[in-house]
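This briefing is meant for a reader who is meeting the structure for the first time. It takes up aromatic rings and then the packing of helices.

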Amino acid sequence: MLDVAEQTAPLRATAEPPGGSTLAAGTKPDSAVVRDALGVGIAVGLSGFAFGVTSAGSGLSLLQTCALSLLVFTGASQFALVGALAAGGNPYTAAAGAFFLGVRNAFYGLRLSQLLALPRALRPLAAQWVIDETTAVTLPQPTRRAARIGFTVTGLTLYALWNLTTLVGALGAEALGDTDAWGLDAASPAVFLALLAPMLKSTTERVTAALAVLLVLGLLPVLPAGVPVLLSALAAPVVLFLMGRAKGHGGGGAEAEEAGVTRAEDGR
């Protein structure tokens, strides 16, 4: 996926720093990118053990558990699916909830496809690694070369470890006994929230996230498992509508004030 010999231009303009340093301003050493990517890949990849245990404890077979990690490979969706099934939810509702959670990866892909500019033959393979963690590592990189290294190392490390630890967790679920008592199903969502929190920079994003959480918590006691997750998506259009109305009223007031000042000036 990565042509080491390729020297790509920085994604934003850089200038050589004083003193003749070998690194242009705004670039990042390959070793630093690899270190960051390995840190994320290893830390999150180990939580595949939690998924393996949770999935096996929910009644899925070893083959089904491993197939989910190999083919789906998006932790939040996998946990949502097995969690809904374990709670007695309808399989179709559980699958729908997992699907809509995974849709966000398609939006990541739109941005990453421009950033990485991979050859067409590699894009279908790279699409399997378009997840929260690879996106979080790739987007901040200052050059296309650094972005490709970050994406590749994070994706490869995480995919290998996640699937290996899923297998180990599924095999060891019986030895752990009551998997619910360990609370391992909270491991991957906790990692996801830790990655997501720094990205909520605007007021609109924070309000949307808060409303989505409130919707899920409020609907959990009254709706079947998996449905609250689906309905939490309504937070986005509701917040955007309210923000738009607030701006409209604010803009109207500003226009009226401006018109009043103009009339006052005309009267002088």
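**Aromatic pairs and helix contacts**

In this predicted model, Tyr 159 counts as partly exposed, because its relative accessibility is 23% and the partly exposed class lies between 20% and 50%. Its ring partner Phe 73 is buried, with a relative accessible area of 3%.

**Aromatic rings**

- The structure holds five aromatic pairs, and one of them joins Phe 73 to Tyr 159, with ring centres 4.8 Å apart and planes at 80°, so that this pair is edge-to-face.
- This pair links distant parts of the chain, since Phe 73 lies in the loop between helix 3 (62–72) and helix 4 (75–86), whereas Tyr 159 lies in helix 9 (residues 144–176), 86 residues apart.
- Phe 99 and Phe 100 also form an edge-to-face pair, with 5.4 Å from centre to centre and 75° between the planes.
- Phe 99 counts as exposed at 54% relative accessibility, and Phe 100 is exposed with a relative accessible area of 54%.
- Phe 51, Phe 79 and Trp 162 are linked by ring pairs into a cluster.

**Helix 2 and helix 4**

- Helix 2 (residues 48–57) packs with helix 4 at an angle of about 20°, and their axes are 9 Å apart.
- That angle makes helix 2 roughly parallel to helix 4, because angles under 35 degrees fall in that class.
- The crossing in which helix 2 passes helix 4 is left-handed.
- On the side of helix 2 the contact is made by Ala 50, Phe 51, Thr 54 and Ser 55, and on the side of helix 4 by Gln 78, Phe 79 and Val 82.
- Sorted by class, the contact of helix 2 with helix 4 has four nonpolar and three polar residues, and no charged residues.
- Phe 51 and Phe 79, which take part in this contact, also belong to the ring cluster with Trp 162.

**Helix 5 and helix 6**

- The axes of helix 5 (residues 91–102) and helix 6 (residues 104–116) come within 4 Å and cross at roughly 20°, which makes helix 5 roughly parallel to helix 6.
- Phe 100, Leu 101 and Gly 102 in helix 5 meet Arg 104, Asn 105 and Ala 106 in helix 6.
- The residues of this contact of helix 5 with helix 6 divide into three nonpolar, two polar and one charged.
- Phe 100 therefore appears in two settings, as a residue of helix 5 that meets helix 6 and as an exposed residue whose ring pairs with that of Phe 99.

Definitions and conventions: Residues are numbered from 1 along each chain as its sequence is written. This is a predicted model: local features need pLDDT of at least 70, side-chain atom pairs count only at pLDDT 80 or more; totals for chains, interfaces and linings use all residues. Side-chain values use heavy atoms; hydrogens and water are left out. Axes are lines fitted to C-alpha atoms, for helices over the stretch in contact, and angles run from 0 to 180 degrees between N-to-C directions. Angles under 35 degrees count as roughly parallel, over 145 as roughly antiparallel, 65 to 115 as roughly perpendicular and the rest as oblique. Contact means heavy atoms within 4.5 Å. Ala, Val, Leu, Ile, Met, Phe, Trp, Tyr, Cys and Pro count as nonpolar, Asp, Glu, Lys and Arg as charged, and the others, Gly among them, as polar. Rings of Phe, Tyr and Trp (its six-membered ring) pair if their centres lie within 6.5 Å; planes under 30 degrees apart count as stacked, over 60 as edge-to-face and the rest as tilted. Buried means under 20% relative accessible area, exposed over 50%, partly exposed in between (1.4 Å probe, protein chains only). A crossing is left-handed if the near helix is turned anticlockwise from the far one by less than a right angle, and right-handed if clockwise.
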